[in-house]
Amino acid sequence: MSNADRHGTIAQAVRETGRITVQELVELTGASEMTIRRDLDALAAQGVLERIRGGARTLLLRGEEPPFALRAHESVEAKRRIAAEVSSLVADGETVLLDSGTTCLEIAHLLRRRPVTVMPLSLQAVHVLGESPGPATLLVPGGQPRAAEGALTGPLTLASLAALRFDTAVMGCCGLSAAEGLTAYDLDDAAVKKAGVASSRRIVVAADGGKLGHTAFAHVGPATLLHTLVTDTSAPADEVTALEGAGVVVKVV
């Protein structure tokens, strides 16, 4: 098991159980106690978990949005498959609005190699798209970054979106269902998503299967606004069928 895979396994185990011991993680991963202790120290430094005597416990409160550092370790391979499919849907020369979130960050890594114009809505994606010269053209919006999340929100972000028109908006989400539509945990984030949808000709949602059938606090818009959903094989079949019935093209990778 690679370091990245082991870190993802540990992060998921801590999130699911709430508290776990070093010995339980040794049995789960097959790694040595020394390796697990180093992993826990590294993940604690990233804000993924809290280190306690003999193990670790989650930092996540019930009903709270998982922090970016934790989500970055979850469903990594699925997010990369989703990112590859989304990138294939974008044609050379397009103008693309790229939402915040860990799946969209994977998409940023691929789009920076393409001759497209991209406006990312997170500091992490701005960094990826601007870290080296390439064929992609980077547009940087204004706005105030949300702590730890890096997502840009506020009046300056909304003004940037209102001034432009995009061929494609690649949106993330906290929840998506045929009945409740696209939802987010944060009201400011939902406002940015709404503005992005209004400024774009085509809406592509990139979401792992765990987001489907789930409803978060802030409503963004009905499922009928979406053109395409790219998700993974963990997506509930009944929700995929319901979204297709609402007119959404669903691609499962």
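Student: Why does lysine 193 count as buried or exposed, whichever applies?

Tutor: The model is a predicted one, in which local features need pLDDT of at least 70, side-chain atom pairs count only at pLDDT 80 or more, and totals for chains, interfaces and linings use all residues. Residues are numbered from 1 along each chain as its sequence is written, and side-chain values use heavy atoms, with hydrogens and water left out. Buried means under 20% relative accessible area, exposed over 50%, and partly exposed in between (1.4 Å probe, protein chains only). Lysine 193 has 3% relative accessibility, so this residue counts as buried.

Student: What makes the pair of lysine 193 and aspartate 99 a salt bridge?

Tutor: The term requires a side-chain nitrogen of Lys or Arg within 4 Å of a carboxyl oxygen of Asp or Glu. For lysine 193 and aspartate 99 the N to O value is 2.7 Å, and the side chains therefore meet in a salt bridge. Aspartate 99 is buried too, at a relative accessible area of 2%.

Student: Why is this pair said to tie parts of the chain together?

Tutor: Lysine 193 belongs to helix 9, whereas aspartate 99 is in the loop between strand 4 (95–98) and helix 6 (102–111), so the pair ties together parts that are 94 residues apart in sequence. Helices (H or I, at least four residues) and strands (E, at least two) are DSSP runs, numbered from the N terminus.

Student: How do you know that arginine 37 and glutamate 33 form a salt bridge?

Tutor: Their closest N and O atoms are 3.5 Å apart, and the cut-off is therefore met. The two residues are four apart in helix 3 (residues 33–45), which separates them by about one helical turn. Arginine 37, at 34% relative accessibility, counts as partly exposed, and glutamate 33 is partly exposed at 38%.

Student: How many salt bridges does the structure hold?

Tutor: The structure holds 12. One of them joins arginine 51 to aspartate 41, with the closest N and O atoms 3.0 Å apart.

Student: What makes strand 10 and strand 13 edge strands of their sheet?

Tutor: Three strands form an open, antiparallel sheet in the order 10-11-13. Two strands pair if DSSP finds at least two bridges between them. Strand 10 (175–177) and strand 13 (218–221) each have a single partner strand, so one side of each is left without a neighbour in the sheet.

Student: How do you know that strand 10 and strand 11 pair?

Tutor: Strand 10 and strand 11 (residues 181–184) share three bridges in the antiparallel sense, and the requirement is therefore satisfied.
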